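Work through the exercises below with the structure open beside you. Try each task before reading its solution.

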Amino acid sequence: MDNIEQLLVSLRDPSNPGYRRAVAHALTLAEQGGAAGEQLAQAVFPLGGHALTIGFTGALGSGKSTLVDQVAAEFRCRGKRVAIIAVDPSSPFSHGAILGDRIRMQRHSGDDGVFIRSMAGRGAAGGLAPRLLEAIAVFDAAAWDVVLVETVGVGQGDTLVASVVDLTAVVLVPGLGDEIQTMKSGLLEVADLFVLNKADLGVERLHTEVTSMLELSTSLHTDSAVVPVLRTIALTGEGVPLLVEAIDTQRVSQLASGQWQRRQQRQWRQRLSSRMREWLWEQQLAPFLAAEEETMDQLASAIARRSLAPELAMEQLRNLWRRREV
Ligand SMILES: Nc1nc2c(ncn2[C@@H]2O[C@H](COP(=O)(O)OP(=O)(O)O)[C@@H](O)[C@H]2O)c(=O)[nH]1
Ligand SMILES: [Mg+2]
């Protein structure tokens, strides 16, 4: 199946017996990157642009997996084909959590309209899987209507998911005591929807806090759509149909206002910049640093001995760089 053309044909036809295997294979290629991954990415690009991608971010244990499972079920009720990407925490302490996720989502096994894929979060800053975007593009090309992405749930990296998905749902739960903290770390800026999960435990106070925070921020961002705040009990599925309704409303209103298109353009700009950065690093900076390893060692040791200021070391490096470029 290493022939990309052939793979594409199988990817386009869900009724083909080899379809799921083709999707899995394409995902693996996309994740591996390299020449084959790039060839695939280029081939699937024109086929995509149809899937609705939704990121779920929030603290570990806030119920993201449980919620994603319910949201998937709700989309299935509406006749949509749903792909789920669970970004695994690469921490050795989290194996239990991953296993838990698998068990929770097992009820979809046997449903051809659901495809679950785990991706390792290793490597990428903030714990986001490095080739998440490419994996989403594969699902998109393979005619999945909805792609749900569950993030790791640790640290600032969770806001990164917003750079790869259409809509970001921030999941909050009562009793963590750090609601305000969470808002400060950038989640407020990326949220298209707030989900107050574990509503069975009482989310009145949390709701008030989030609402007042949103009122403060909307006075600053006047061109953004209103960010809805929804209550769910993921354990039972309560509130999930309303959440899916809100997702759809958000999509429609952002498309109408142009916010959707502006975000896509912004995302592609960021991706192009970061690819240029990577390219420059690989082509120029990495070979330069490798060639100047001895100089780097000498400079570093001089700085460590405090006989050279880092600024002067930088000047020397810049001079070396400029001379190299001629
Ligand atoms: N009480 C209550 N517990 C929930 C709810 N949703 C999820 N949980 C529980 O919270 C725990 C963590 O859920 P999980 O989906 O693994 O969270 P994740 O780490 O964010 O993916 C599990 O024990 C769930 O059963 C809810 O709405 N109410
Ligand atoms: Mg989870």
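The exercises that follow concern a predicted model, and each task comes with a worked solution.

**Exercise 1. The chain as a whole**

Task: State how many helices and strands the protein chain has, and what share of its residues counts as buried.

Solution:
- Start with the secondary structure. The protein chain has twelve helices and seven strands.
- Next, take burial. Of the 326 residues, 33% count as buried.
- Then look at the contacts. Among those in the protein chain with a separation of 6 or more, 74% are between residues 24 or more positions apart.

**Exercise 2. Helix H4: length and cover**

Task: Compare the expected span of helix H4 with the distance between its end C-alpha atoms. Then list which residues of H4 are buried.

Solution:
- H4 covers residues 64–77, which is 14 residues.
- The expected span is 1.5 Å times one less than the number of residues. For H4 this comes to 20 Å, and the end C-alpha atoms are 20 Å apart, so the two values agree.
- Now count the cover. Ten of the 14 residues are buried, so H4 is mostly covered by the cut-off of 20 or more other C-beta atoms within 10 Å.
- The buried residues are Lys 64, Ser 65, Thr 66, Leu 67, Val 68, Asp 69, Gln 70, Val 71, Ala 72 and Phe 75.
- Finish just past the helix. Gly 79 has a positive phi of about 80° there.

**Exercise 3. H4 against H9**

Task: Decide how the axes of H4 and H9 are oriented, and name the residues that meet.

Solution:
- H9 is the helix of residues 240–257. Its axis and that of H4 come within 9 Å and cross at roughly 70°.
- Angles of 65 to 115 degrees count as roughly perpendicular. H4 and H9 are therefore roughly perpendicular to each other.
- From H4, the residues are Gln 70, Val 71, Glu 74 and Phe 75. From H9, they are Val 240, Pro 241, Leu 243 and Val 244.
- By class, this contact has six nonpolar residues, one polar and one charged.

**Exercise 4. Around ligand 1**

Task: Find how many residues surround ligand 1, and which element gives the most to this shell.

Solution:
- The shell has 17 residues. The closest are Gly 63, Lys 64, Ser 65, Thr 66 and Ala 234.
- Two elements give two or more residues to the shell: H4 and helix H5 (95–104).
- H4 gives the most, with three residues.
- Sort the shell by class. Six residues are nonpolar, eight polar and three charged.

**Exercise 5. Val 146 in strand S4**

Task: Is Val 146 buried or exposed, and which residues is Val 146 in contact with beyond its sequence neighbours?

Solution:
- Val 146 lies in strand S4, residues 146–150.
- Val 146 has 21 C-beta neighbours inside 10 Å, so this residue counts as buried.
- Set aside the neighbours within four places in sequence. Val 146 is then in contact with Ala 51, Leu 52, Phe 75, Lys 80 and Val 82.
- Check a distance as well. Val 146 and Arg 81 are 65 residues apart along the chain, yet their C-alpha atoms are separated by 6.4 Å.

**Exercise 6. Positive phi outside glycine**

Task: For Ala 143 and Lys 198, give the phi angle. Then place each residue and state its burial.

Solution:
- Begin with the background. Most residues other than glycine have a negative phi.
- Ala 143 has a positive phi of about 70°. This residue sits in the loop between helix H6 (132–141) and S4.
- Ala 143 is partly exposed, because 17 other C-beta atoms lie within 10 Å.
- Compare the helix just before. Nine of the ten residues of H6 are buried, including Leu 132, Ile 136 and Phe 139.
- Lys 198 has a positive phi of about 60° and lies in the loop between S6 and H8.
- Lys 198 counts as buried, because 23 C-beta neighbours lie inside 10 Å.
- Asp 200 is in the loop between strand S6 (193–196) and helix H8 (204–218). Asp 200 is partly exposed, with 14 other C-beta atoms within 10 Å.
- Arg 306, which follows H11, also has a positive phi, near 65°.

Key
Residues numbered from 1 in each chain as written. Chains lettered and ligands numbered in written order. Predicted model: local features only at pLDDT ≥ 70, side-chain atom pairs only at ≥ 80, totals over all residues. Helix = DSSP H or I, 4+ residues; strand = E, 2+ residues; numbered from the N terminus. Buried ≥ 20, exposed ≤ 12 C-beta atoms within 10 Å, placed from the backbone. Axes fitted to C-alpha atoms, helices over the stretch in contact; angles between N-to-C directions. Parallel < 35°, antiparallel > 145°, perpendicular 65-115°, else oblique. Contact = placed C-beta atoms within 7 Å. Nonpolar A, V, L, I, M, F, W, Y, C, P; charged D, E, K, R; others polar. Near = placed C-beta within 6 Å.
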